[in-house]
Amino acid sequence: MKSSISISNVNRIYKDSDGNRVEALKDVDLEIKSGEFISIIGPSGCGKTTLLRLIAGLDKPQTGQLFIDGAPITGADPSRGYVFQQGSLFPWLSVRNNIAYGLRARNVYRSKKENIENYIELVGLKGFEKSYPHQISGGMAQRVAIARALINEPKALLLDEPMGALDSFTRAALQDKLLELWKKDGTTIVLVTHDIDEAIYLSDRIVIMTPRPGKISKIIDVNLSRPRQRGSVSFLEMRRQILEFFELAQAIPQPEYNI
Amino acid sequence: MITLKTVKQKKNDLNIKFMLLKILFTISGFIVAILVNVLFPQKADVTFKIYTLNILNLRIAFDINSAYIVVLVALILIYAISGIRSIFQKDKRKLYAKNAAFRFALGIALAIWDIGGTKIQIFAQPFFPGPAQIIEAYIAEGSYIVQNTLYSIRLYLAGFSCGVLLGVGTGILIGWFPKVYYWVFPVLKITGVVPAVAWMPFALTLFPTSFSAAVFLIVICAWFQIAFLTAQGIQSTPKQSYEAATVLGGGQINQILHVAIPHAMPDIFTGIGSANAMAFTTLVMSEMLGQPGGLGYYINQSKVWSAYYKVLAAIVIMAVLFSFINFLIGLIRKRVLRWQQGVIKV
Ligand SMILES: Nc1ncnc2c1ncn2[C@@H]1O[C@H](COP(=O)(O)OP(=O)(O)O)[C@@H](O)[C@H]1O
Ligand SMILES: [Mg+2]
């Protein structure tokens, strides 16, 4: 089960504290095929989170429409899983109960509670079921957040810089985990990131956004065969292309790091 | 004879020796107290009343001074036994050793009090009687004191539990519904600073019994305080927590019960803690000003007869009772907020 997402001519304007208009999203159009892995990249303030929140149904556009499998998005729904950037776990619930939250909230705990163990195992948190969020590391917390979203068996998974706060080793491991999950379930995934390598490594297509006003400037097809090599020539070439787009290619002639 | 000992054995012997010293240190204060009581000449003119105790068919006669010695001996036995037990329980050793100095001082304090209050009576009488006289209160009026203590407990339980329920309930409504917040919160803020006993004139006329009037006073002193903090806790729940619940399928009711209330729990307990202290004050005050029973009533009654030793006896009971209630609340708090342990020092 997976969802296609259709975004047409969406505008979202905020007022900042001085009362000035902030065009967080301007005339955004995007078609996401079902089962597709899409990354959205761009500098901060370009409207990535705003777009993701609109898809989740946590926010509404002033003009334009968003559709999920052809039906307009009217509000949040557990069929669209959402992983916040950080700190969204319920601190008063243990790891296990955080993951079980969705089952309880949807009144399916009795019939589906066997799944909890599976998802705990899937994200490698066996032995930490009884720990509380403040007792585990940031990487583990994000894995809990992902498992918590996955247990609802969403048709689309929306991730807002889920690995932003992690060190590069934890991040690489979590990226592989995400790919594994995606291959297994074939869920549609929209990943917001500011890490170009992450976008290339994971996605089918990369949506590049630019700020003021926030808009989609370019969409890149990542035609690299999987599994991808982070140091391969084609990988680096794609990286150069994207950097060039942001006019950063000259500033950084060499790759910063290879994993 | 084997003279070689392993390092572990030696260490164990050392531990036992250390603990035995600590036990001796702990009880030596009380031994001093006994010695003072027995050896120090009775200078002041004090009559030690004789009481008789009927146990089965035995009639045991004793004066209150020997009752005081019995209490001291009992204390020595309790501390000696708990000390010996702690030798075998590693985790209790440290605490026992730590408390030794204080318990020693307690014994010495009793000895000094005995001298000042009973033996030579340099303390102003009848305001500061010796320890033996206070024990006399328990012997002479034991069942009456128990009766009054139970009255206080009943009053406290009725008032405080209603207050907590109402406080948490209204706090949730105020915190959740902006309309309720707008209209009720300012009222709460203003009335919350007024000490509950100020309402006593109304309470006494509006309620059919003085018991229900006192319950009312304790209810409002717990209610406002707890409602105030509960509302604050609910309101400070981060928006992201609600959003996380929403995207996971949690509806309104679920969000109130499983997001807002758990988030407010630390604040609710802060409210309960401070309301509890105020409830003790209100309890004793209202008992002193118009109850047919209770420890406050007992104090008042004893004061009329200048029986200050009874006043002190009631104060000792209050100290123990209220500490115990605080201890229970602390236990519940620790259990409910166990997810916080390590974040904030509880
Ligand atoms: N709730 C809000 N109120 C006012 N301005 C906002 C709000 N949310 C986002 N913005 C503004 O909209 C722009 C895009 O924000 P955001 O989508 O969070 O960017 P990104 O996630 O790409 O960093 C920013 O300029 C931001 O300040
Ligand atoms: Mg963002």
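## Exercises on ligand 1, the A–B interface and chain A

Strand 1 (5-15), strand 2 (21-32) and helix 1 (48-56) of chain A each give at least two residues to the shell around ligand 1. Helices (H or I, at least four residues) and strands (E, at least two) are DSSP runs, numbered from the N terminus. The model is predicted: local features need pLDDT of at least 70, side-chain atom pairs count only at pLDDT 80 or more, and totals for chains, interfaces and linings use all residues. Residues are numbered from 1 along each chain as its sequence is written, chains are lettered from A and ligands numbered from 1 in the order in which they are written, and side-chain values use heavy atoms, with hydrogens and water left out.

### Exercise 1. The shell

Find which residues surround ligand 1, and sort the shell by class.

Step 1. Apply the cut-off: a residue is near a molecule if one of its heavy atoms lies within 4 Å of it. The shell is Tyr14(A), Lys15(A), Val22(A), Ala24(A), Ser44(A), Gly45(A), Cys46(A), Gly47(A), Lys48(A), Thr49(A) and Thr50(A).

Step 2. Look for the main contributor. Helix 1 of chain A gives the most, with three residues.

Step 3. Sort by class. Ala, Val, Leu, Ile, Met, Phe, Trp, Tyr, Cys and Pro count as nonpolar, Asp, Glu, Lys and Arg as charged, and the others, Gly among them, as polar. The shell has four nonpolar, five polar and two charged residues.

### Exercise 2. Polar atoms at the ligand

Locate polar atoms of Cys46(A), Gly47(A) and Thr49(A) that face oxygen atoms of ligand 1.

Step 1. Start with the backbone. An N or O atom of the Cys46(A) backbone is 3.3 Å from a ligand oxygen. For a polar backbone atom of Gly47(A), the distance is 3.1 Å.

Step 2. Go to the side chain. A polar atom of the Thr49(A) side chain sits 2.6 Å from an oxygen of ligand 1.

Step 3. Check the cover. On its own, ligand 1 has 550 Å² of accessible area (Shrake-Rupley method, 1.4 Å probe). The protein covers 62% of that.

### Exercise 3. The interface

Describe the contact of chain A with chain B by residues and area.

Step 1. Count residues. With contact meaning heavy atoms within 4.5 Å, chain A brings 23 residues and chain B 22.

Step 2. Take the area. Buried area is the accessible area (1.4 Å probe) that two parts lose on being put together, summed over both. Here the chains bury about 1900 Å², 63% of it on carbon and sulfur atoms. In chain A, Trp92(A), Tyr101(A) and His134(A) lose the most area to chain B, together 35% of what that side buries.

Step 3. Find the salt bridge (a side-chain nitrogen of Lys or Arg within 4 Å of a carboxyl oxygen of Asp or Glu). The rule finds one across this interface. Glu243(B) pairs with Arg53(A), with the closest N and O atoms 2.6 Å apart.

### Exercise 4. Links and turns in chain A

Trace the salt bridge of Glu36(A) and Arg205(A), then find the cis peptide bonds before Pro213(A) and Pro227(A).

Step 1. Glu36(A) and Arg205(A) meet at 2.5 Å, N to O. Glu36(A) lies in the loop between strand 2 and strand 3 (37-41) and Arg205(A) in strand 9 (residues 205-210), so the pair ties together parts 169 residues apart in sequence.

Step 2. The bond from Arg212(A) to Pro213(A) is cis, with omega near -10°. Pro213(A) is in the loop between strand 9 and strand 10 (215-221). Phi of Arg212(A) is near 50°, a positive value in a residue other than glycine.

Step 3. Arg226(A) and Pro227(A) are also joined by a cis bond, with omega about -5°. Pro227(A) sits in the loop between strand 10 and helix 8 (233-245).

Terms used: Polar contact = N/O pair within 3.5 Å; in protein donor to acceptor, adjacent residues only side chain to side chain.
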